[in-house]
Amino acid sequence: MDKSLRFRLNKLSTVQPSSSITTTLQKLAELEKQVQKSKEVESAINVVVKDLRKATAPEGQPFIFTNNIEMNEQLVRGALAYCDDVKYRSFRVGKAKALLVYVSGLTDTSKLERTVLECLTGRLENSKPVGDINEIANLLLTAANVTVVIKPTEAITDLLKGHSLLLIDGISEMLSIDAVKYEKRQISKAENEDVAKGPHDSFNETLSDNIALVRRRTKDPSLKVEIFEIGSRTQTSVALLYVDDIVKVGLVDEVRNQLLAICIDKVILSANIEEFLIDRIWNPFPQVLATERPDKIVAGLYEGRISIFVDNSPTAMMLPITLQDLMQSVDDYTQRPAVASLIRCMRYLSALIAVFLPALYVCIVSYHPGMLPSGLAFSIAELRARTPFPALLEAFLMEGLLEIFQEAIVRLPQKLAAAAGVVGGLVIGTTVVEAALVNALLVVVIALAGLSVFSMPSYTFGMALRFFRIPALIAASVLGLYGVVITSIVMIVFLCSLRTYSESYLGDLFDITLIEDWKDGLMRFPAKFLTSRPKRLGPKDRTRIGGEE
Amino acid sequence: MENLERKGKMSPWQLGIISTSGLLTARLLSATTNVVIYSEQFLWLSSALAGVFFYSAAYLMIRLAEQFPEETIGEYIPRLVGKKFGTIIFLVFITVLLVNIINCTIALTTLSSIFLFDRTPHEFLVIVLLLAVVYCAMQNWGTILRVIQILIFALPMLYIFYSLIWLNFEPLNLLPLWPDNFIGILQGVAYHTDYYAGYESLLVLLPLANRGEISFARTVGWGFLVITLIYVFGGIVLIGSITAKTVELIHEPVIYGMKSVELPGTFIERLENYMIIFFIPVTYISMALSYFVVAEGCRKYLKYNDHRIFIPVFLPLIFLVSSFVDTPQRQAVFQHFSMFIALFFSFVIIPILLFLVWRKKGSDQQCEVE
């Protein structure tokens with residue numbers, strides 16, 4: 001060291017220039033660059049390795065399993081890199097090393113212990129070699145569902161479904177052990193389709209539970225269940241249910257082909273599938289019946305329909321459907337036929353009210369007040385004199401308020417929804433009238449139209465009715481009654497033009513060639529008259545009563 | 001998908017309903033005045049005879065079409081009379097139907113502009129109605145069949161309102177019961193063209209019907225019978241309520257008759273408005289059906305795959321003529337033209353064609369025997 005610096009207090013960088021902050025920072029940046037480069041090299045090597053593995057692997061597979069368990073473990077780890085929920089448990093089966101791979105949260109670990117670990121670790125001596133994979137599966141393991149897997153994609157998919165993979169040194173195949181267990185919602189009461197009489201259980205988000213709910217209601221071997229995996233990434237299970245000897249010829253093939261043709265990365269909701277099944281995607285009317293009631297599905301299956309279940313979705317889809325199906329409720333079949341028929345007629349009337357009542361109000365008030373009795377016409381004129389807006393604007397204002405209330409109530413938690421209903425219905429409803437923004441009669445009209453929508457058994461159908469209220473209102477304001485009648489005719493033409501799997505969307509409604517089906521359409525005849533299945537669905541076997549002794 | 005194939009065809013009964021449902025339109029409102037000028041209080045008798053008269057024309061058309069099953073008039077006419085005459089006859093057929101659409105448009109929009117919208121431009125009402133008709137005619141036959149079967153329910157409703165005129169019924173207005181003006185009654189029959197226009201569509205619709213055990217002549221005959229009964233009772237009610245003299249003097253006698261009806265103690269007032277509401281779908285059926293038949297006829301004649309190509313072709317023509325014929329004078333001239341061309345087609349061309357078919361058939365059989 002320099003003598004002049006010996007007893008002096010100096011900055012470190014003065015003594016050692018290489019330790020200055022600038023230099024250190026420079027070096028750090030260089031180091032970061034190197035690290036980055038090494039990462040790039042690593043990923044490039046990984047890609048090359050992957051490609052090399054893929055080149056040697058069969059077509060469609062990312063790699064091929066080897067006899068070496070360490071190599072296989074590396075391959076699985078590589079495929080599931082950064083998946084910390086995947087667990088690896090090493091142990092010995094006799095002489096050989098073994099590895100159990102499972103996803104925590106999707107697998108029943110206690111079941112794995114009982115049916116795999118206890119069986120394999122206790123039964124073979126340490127010096128004894130293991131036999132072939134089938135011997136292990138058939139003689140040693142006590143798990144109910146064990147399959148031999150060769151393809152890596154199959155193994156990874158099984159693993160992510162909740163199965164466990166068992167890898168054993170010296171064997172290139174592996175075992176997929178079904179020990180699925182995950183948190184799920186219990187079967188509970190139907191929230192959106194509650195009935196007064198009749199069963200209360202409803203579907204949940206688990207596909208197997210939903211299929212079991214249907215199976216529990218029928219012991220018919222003709223009920224077929226086909227399961228497909230849809231969604232290139234989510235690999236969601238989708239089940240197709242039908243009664244083989246009833247469903248119309250060609251219908252299952254068509255639906256199956258449609259399902260298999262769906263090319264989508266994810267299937268989260270049943271609606272994701274629904275949109276691929278319908279032909280007119282801008283049509284507001286539902287062309288598939290979504291229900292959470294197993295009894296409705298079973299009834300539909302025995303009328304010759306097809307049902308589609310999507311894993312993780314609590315609603316099942318039924319098709320083909322007609323307008324009548326959307327207007328029927330399970331309660332119709334638990335009530336006396338005469339009462340049920342009356343209620344059905346009321347529903348059809350409600351549908352008309354839901355679409356046309358505000359439009360009729362606007363056109364009568366604006367163009368044809370003479371159609372009203374004098375007393376009523378005068379009182380309406382008096383009410384309207386207090387409000388500054390034209391009838392159409394008033395109606396739109398009230399309609400807008402109603403839509404906002406409905407949306408708010410649907411989105412809010414149940415406890416707050418009641419409060420919001422009170423605020424909306426009573427406070428704002430009364431206030432807008434008192435503030436002379438709208439007249440009281442219009443509030444009644446819009447409220448009645450809103451209530452009519454709620455009386456629809458199908459929520460989506462009700463939404464479609466809400467949608468058509470707007471063009472009806474506009475037509476009424478422009479062309480009065482003439483406009484309303486023309487709009488209703490155009491709507492009829494539109495409904496008549498709709499097809500679901502080549503069947504008319506209006507079903508047997510006013511179709512004299514399907515007069516046999518009228519027994520369970522607008523009216524509901526007693527059960528003993530419903531001797532045959534609906535002709536409109538073209539079932540193979542039409543006999544319902546008196547077919548077999 | 002066997003059901004789909006069936007939807008494109010109709011049963012003989014459906015044919016009966018469809019072909020006769022197109023007869024009743026708002027045209028009868030103004031046509032009544034023209035008929036009463038000749039038949040006076042025997043409007044009902046004239047209507048009954050007209051039913052037989054026009055059914056005979058429809059029957060001849062059915063017989064003609066039965067000689068060429070699965071073919072429309074545009075397909076077999078050139079074979080029968082040669083290409084040149086075939087084209088002329090086909091054009092006359094298309095004109096008859098287009099004139100029917102135009103007449104319906106005029107009748108309905110005039111009615112609406114007088115009783116519902118006195119300040120709305122006539123052209124606006126015309127275009128709205130025509131666009132709605134075009135939308136229906138653009139659909140396939142299965143859809144149109146369903147539309148007609150639903151809208152036909154407006155017919156009984158219309159008749160319910162119409163029958164309210166009974167409340168003002170005076171039997172004395174129908175006297176004398178024994179007709180002494182037979183010539184007038186027969187003249188009135190010819191003026192019933194507006195009452196029974198549209199059955200010409202049978203010449204295109206018959207191949208769309210399944211041949212069953214019941215003959216088409218029978219089902220169409222039942223349809224004619226129902227319509228004739230409606231007209232006969234309608235005539236009795238109208239003359240009995242507002243007298244033949246009043247009907248002669250006013251332009252829309254049925255609406256006038258409805259205006260005079262009062263239902264005390266009920267909510268319903270201005271019954272004529274309700275009646276117009278039900279006239280719209282009833283007339284719409286006839287318009288959509290005729291429009292489809294025109295397009296389908298052209299498709300078959302020109303051997304196209306889709307009838308929809310021909311729908312927009314005729315729209316400007318119908319719109320322009322309907323908008324132009326907006327005064328009572330022009331309407332009267334146009335009505336006369338439509339009456340003569342319809343009668344000429346039904347009672348001159350069709351019998352000649354049928355005669356030619358029978359003669360050809362006879363000579364063919366003779367050749368076979370020889």
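Colleague: How many bridges join strand β2 of chain A to strand β4 of chain A?
Modeller: Bear in mind that this is a predicted model. In it, β2 (residues 96-103) and β4 (residues 164-168) of chain A run antiparallel. L100(A) stands opposite L166(A) in β4(A). The number of bridges joining β2(A) to β4(A) is four.

Colleague: Thanks! Which strands stand at the edges of the open sheet that holds β2 and β4 of chain A?
Modeller: The sheet has five strands in the order β1-β2-β4-β5-β3 (chain A), with antiparallel pairing. A strand at the edge has a single partner strand, so one side of it is left without a neighbour in the sheet. Those strands are β1 (86-93) and β3 (146-149) of chain A.

Colleague: And at about what angle does helix α5 of chain A run to β3(A)?
Modeller: Helix α5 covers residues 133-140 of chain A. This helix lies across β3 and β5 (174-177) of chain A. Its angle to β3(A) is about 175 degrees.

Colleague: Let's move to the sheet with β6 of chain A. What is the order of its strands?
Modeller: This is an open sheet of five strands, and the pairing is antiparallel. Its edge strands, β6 (223-230) and β8 (289-291) of chain A, each pair on one side only. Neighbouring strands are turned by 25 degrees against each other on average, direction ignored. The order is β6-β7-β9-β10-β8 (chain A).

Colleague: Which residue is the bridge partner of I308(A) in β10(A)?
Modeller: Strand β9 (residues 306-310) and strand β10 (residues 316-319) of chain A run antiparallel and are joined by three bridges. Within β10(A), the partner of I308(A) is M317(A).

Colleague: Which helix of chain A packs on that sheet, touching β6, β7 and β9?
Modeller: The helix in question spans residues 251-260 of chain A. Its direction makes about 175 degrees with that of β7(A). The helix is α8 of chain A.

Colleague: Now the two chains together. Which element gives the largest share of the side of chain A that touches chain B?
Modeller: In total, 27 residues of chain A are in contact with 33 residues of chain B. On the chain A side, the elements giving two or more residues are α17 (459-497) and β12 (503-504). By class, that side has 16 nonpolar, nine polar and two charged residues. The largest share, twelve residues, comes from α17(A).

Colleague: Is α17(A) roughly antiparallel or oblique to α8(B)?
Modeller: The two helices pack at an angle of about 135 degrees, with their axes 9 Å apart. An angle has to be over 145 to count as roughly antiparallel. That makes α17(A) relative to α8(B) oblique.

Colleague: How many nonpolar residues does the contact of α17(A) with α8(B) have?
Modeller: From α17(A) come I489(A), I492(A), V493(A), C496(A) and S497(A). They meet T143(B), R146(B), V147(B), I150(B) and L151(B) in α8(B). Two residues of this contact are polar and one is charged, while the number of nonpolar residues is seven.

Colleague: One last helix pair: how are α3(B) and α10(B) oriented to each other?
Modeller: Helix α3 (residues 27-39) and helix α10 (residues 182-190) of chain B have axes 7 Å apart. V35(B), Y38(B) and S39(B) of α3(B) make the contact with G184(B), I185(B), Q187(B) and G188(B) of α10(B). The packing angle is about 160 degrees. The helices are therefore roughly antiparallel.

Definitions and conventions: Residues are numbered from 1 along each chain as its sequence is written. Chains are lettered from A and ligands numbered from 1 in the order in which they are written. This is a predicted model: local features need pLDDT of at least 70, side-chain atom pairs count only at pLDDT 80 or more; totals for chains, interfaces and linings use all residues. Two strands pair if DSSP finds at least two bridges between them. Axes are lines fitted to C-alpha atoms, for helices over the stretch in contact, and angles run from 0 to 180 degrees between N-to-C directions. Two residues are in contact if their C-beta atoms, placed from the backbone, lie within 7 Å. Angles under 35 degrees count as roughly parallel, over 145 as roughly antiparallel, 65 to 115 as roughly perpendicular and the rest as oblique. Ala, Val, Leu, Ile, Met, Phe, Trp, Tyr, Cys and Pro count as nonpolar, Asp, Glu, Lys and Arg as charged, and the others, Gly among them, as polar.
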